[in-house]
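Work through the following exercises with the sequence and the coordinates at hand. Each task is followed by a worked solution.

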Amino acid sequence: NQPDMWPAFDVLAKKPLAVVRGEISNLFSAATYEKMLSRSPQVQGAVVPRVGHAPMLDEPEAVAAIDSLLAKVS
């Protein structure tokens with residue numbers, strides 16, 4: 001039985017946050033990604049096409065999400 005991690009996410013989601021998902025990840029579902037985005041207006045989301053779990057974070061989509069997050073918090 002998996003623990004419910006949504007309460008922890010909800011605390012984090014009160015702050016600027018970037019969520020990066022590999023498009024073909026078999027561990028991080030599209031439904032969970034969409035649920036994360038819907039739970040907070042602070043969340044900056046990005047999907048890296050043709051990548052599984054986990055993106056290397058040097059892909060253009062990931063870099064853009066990270067740059068956007070850093071601009072918010074700097």
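**Exercise 1.** Determine which side chain of opposite charge is nearest to the buried Arg21, and how far away that side chain is.

*Solution.* Begin with the location: Arg21 belongs to strand 1, where helices (H or I, at least four residues) and strands (E, at least two) are DSSP runs numbered from the N terminus. Arg21 is buried, a label given under 20% relative accessible area, with exposed meaning over 50% and partly exposed in between (1.4 Å probe, protein chains only). The charge convention takes Lys and Arg as positive and Asp and Glu as negative, while His and the chain ends are not counted. The nearest side chain of opposite charge is that of Glu23, 6.8 Å away, and Arg21 has no salt bridge. A salt bridge requires a side-chain nitrogen of Lys or Arg within 4 Å of a carboxyl oxygen of Asp or Glu.

Next, examine polar atoms. A polar atom of the Arg21 side chain lies 3.1 Å from the backbone oxygen of Glu23. A polar contact is a pair of N or O atoms within 3.5 Å; within protein, one must be able to donate a hydrogen and the other to accept it, and residues adjacent in sequence count only if both atoms are side-chain atoms.

Finally, list the surroundings. Leaving aside residues up to four places away in sequence, Arg21 has contacts (heavy atoms within 4.5 Å) with residues including Phe28, Tyr33, Val47 and Pro55.

The model is predicted: local features need pLDDT of at least 70, side-chain atom pairs count only at pLDDT 80 or more, and totals for chains, interfaces and linings use all residues. Residues are numbered from 1 along each chain as its sequence is written, and side-chain values use heavy atoms, with hydrogens and water left out.

**Exercise 2.** Describe how strand 1 is paired with strand 2, and how the two strands are connected.

*Solution.* Strand 1 (residues 17-22) and strand 2 (residues 43-48) run parallel and are joined by 6 bridges; pairing needs at least two bridges found by DSSP. Within this ladder, Ala18 is opposite Gln44, and Val19 has Gly45 as its bridge partner. Together with helix 2 (residues 30-38), the two strands form a right-handed β-α-β unit. Right-handed means that, with the strands pointing away from the viewer, the path from the first strand over the helix to the second runs clockwise. As for burial, 5 of the 6 residues of strand 1 are buried.

**Exercise 3.** How many salt bridges are counted, and which parts of the chain are tied together?

*Solution.* The count is 1 salt bridge. Asp10 and Arg39 form a salt bridge through their side chains, with an N to O distance of 2.7 Å. Asp10 lies in helix 1 (residues 6-12) and Arg39 in the loop between helix 2 and strand 2, so the pair ties together parts 29 residues apart in sequence. Asp10 is partly exposed at 26% relative accessible area, and Arg39 is also partly exposed, at 34%.

**Exercise 4.** Are Ser40 and Pro41 buried or exposed?

*Solution.* Ser40 lies in the loop between helix 2 and strand 2, and Pro41 is in that loop as well. Ser40 is buried, with a relative accessible area of 6%, whereas Pro41 is exposed, at 82%. The Ser40 side chain reaches the backbone nitrogen of Gln42 at 3.0 Å. The C-alpha atom of Pro41 is 8.3 Å from that of Ala13, 28 residues apart along the chain.
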